[in-house]
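Trainee: I've got a structure open and I'm not sure how to read it. Can we go through it feature by feature?

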Amino acid sequence: MWYLEYDEKCDEPFREIGIDSGGKIIVKMPDERNYGYWLDTNCDLQFFKKFNIQMITAQEFNNLWNSVYYDRRKGEFKPAHSF
């Protein structure tokens, strides 16, 4: 599953979060090494609407974004409250 923060003024995704089938965050971009998968496509909202999207609030996206950080030494995301 992908969560995209969409910039309506620029008409393109701004940040993205990828979730695996177990509900674990596995991608959070852009970061210092990666621009992002969907961010690099230059797709507009009409493109994404083909996928039966569900809208969430900005607060819901930010809560998910801020819920984890990436531990480079261990190569995995960790809960944000633990660092």
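Mentor: Sure, we'll take the sheet, then the cysteines, the backbone oddities and the salt bridges. Keep in mind that this is a predicted model.

Trainee: Let's start with the sheet. In what order do the 3 strands of the open sheet come?

Mentor: The order is E1-E2-E3, with antiparallel pairing. Strand E1 (2-7) and strand E3 (25-29) are at the edges with a single partner strand each, so one side of each has no neighbour in the sheet. From one strand to the next, the twist averages 15°.

Trainee: How many bridges hold E1 and strand E2 together?

Mentor: There are 6 bridges between E1 and E2 (residues 12-19), in the antiparallel sense. To find your place, look for Tyr-3, which stands opposite Ile-17 in E2.

Trainee: And how many bridges join E2 to E3?

Mentor: That pair has 4 bridges and also runs antiparallel. Here, Gly-18 has Val-27 in E3 as its bridge partner. The hairpin of E2 and E3 has 5 residues between the strands, and in that hairpin Gly-23 takes a positive phi near 85°.

Trainee: Is E3 mostly covered or mostly open?

Mentor: Mostly covered, since 4 of the 5 residues in E3 are buried.

Trainee: Which helix packs on the sheet?

Mentor: Helix H2 (residues 58-65) does, and H2 touches E1, E2 and E3. The direction of H2 makes about 50° with that of E2.

Trainee: Now the cysteines. How many disulfides does a search of the whole structure find?

Mentor: The general idea first: a disulfide is a covalent bond between the sulfur atoms of two cysteines. In this model the search finds 0 disulfides.

Trainee: Why is there no bond for Cys-10?

Mentor: The closest cysteine sulfur, in Cys-43, is 15 Å from the sulfur of Cys-10, and that is too far for a bond. For a pair to count, the two sulfur atoms have to be within 2.5 Å.

Trainee: Which of these cysteines is buried, and which is partly exposed?

Mentor: Cys-10 is partly exposed at 48% relative accessibility, while Cys-43 is buried at 12%.

Trainee: What should I look for in the backbone?

Mentor: Most residues other than glycine have a negative phi, and most peptide bonds are trans. That gives you two kinds of exception to hunt for.

Trainee: Which peptide bond is cis?

Mentor: The one from Met-29 to Pro-30 is cis, and its omega is near 10°. You'll find Pro-30 in the loop between E3 and helix H1 (45-49).

Trainee: What about phi? Where does Asn-42 lie, and what is its value?

Mentor: Asn-42 is in the loop between E3 and H1. Its phi is near 60°, which is positive although the residue isn't glycine. Asn-42 is also exposed, at a relative accessible area of 62%.

Trainee: And what is phi for Asn-52?

Mentor: Near 55°, again a positive value in a residue other than glycine. Asn-52 sits in the loop between H1 and H2 and is exposed, with a relative accessible area of 67%.

Trainee: Last topic. How many salt bridges does the structure hold?

Mentor: Side chains of opposite charge can pair when their charged atoms come close. In this structure there are 4 salt bridges.

Trainee: Which residue forms a salt bridge with Glu-5?

Mentor: Arg-15 does, and the closest N and O atoms are 2.5 Å apart. Glu-5 is in strand E1 and Arg-15 in strand E2, 10 residues apart. Glu-5 is partly exposed at 22% relative accessibility, whereas Arg-15 is buried at 14%.

Trainee: What does Arg-72 pair with?

Mentor: Arg-72 meets Glu-32, at 2.3 Å from N to O. Arg-72 is in the loop between strand E4 (68-71) and strand E5 (76-79), and Glu-32 is in the loop between E3 and H1, so the pair ties together parts that are 40 residues apart in sequence. Arg-72 is partly exposed at 37% relative accessibility, and Glu-32 is exposed at 63%.

Trainee: Which residues are linked in a network of salt bridges?

Mentor: Asp-31, Glu-32 and Arg-72 are. Elsewhere, Glu-76 forms a salt bridge with Lys-78, where the closest N and O atoms are 3.1 Å apart. Glu-76 is partly exposed at 30% relative accessible area, and Lys-78 is buried at 18%.

Notes. Residues are numbered from 1 along each chain as its sequence is written. This is a predicted model: local features need pLDDT of at least 70, side-chain atom pairs count only at pLDDT 80 or more; totals for chains, interfaces and linings use all residues. Side-chain values use heavy atoms; hydrogens and water are left out. Two strands pair if DSSP finds at least two bridges between them. Helices (H or I, at least four residues) and strands (E, at least two) are DSSP runs, numbered from the N terminus. Axes are lines fitted to C-alpha atoms, for helices over the stretch in contact, and angles run from 0 to 180 degrees between N-to-C directions. Contact means heavy atoms within 4.5 Å. Buried means under 20% relative accessible area, exposed over 50%, partly exposed in between (1.4 Å probe, protein chains only). A salt bridge is a side-chain nitrogen of Lys or Arg within 4 Å of a carboxyl oxygen of Asp or Glu.
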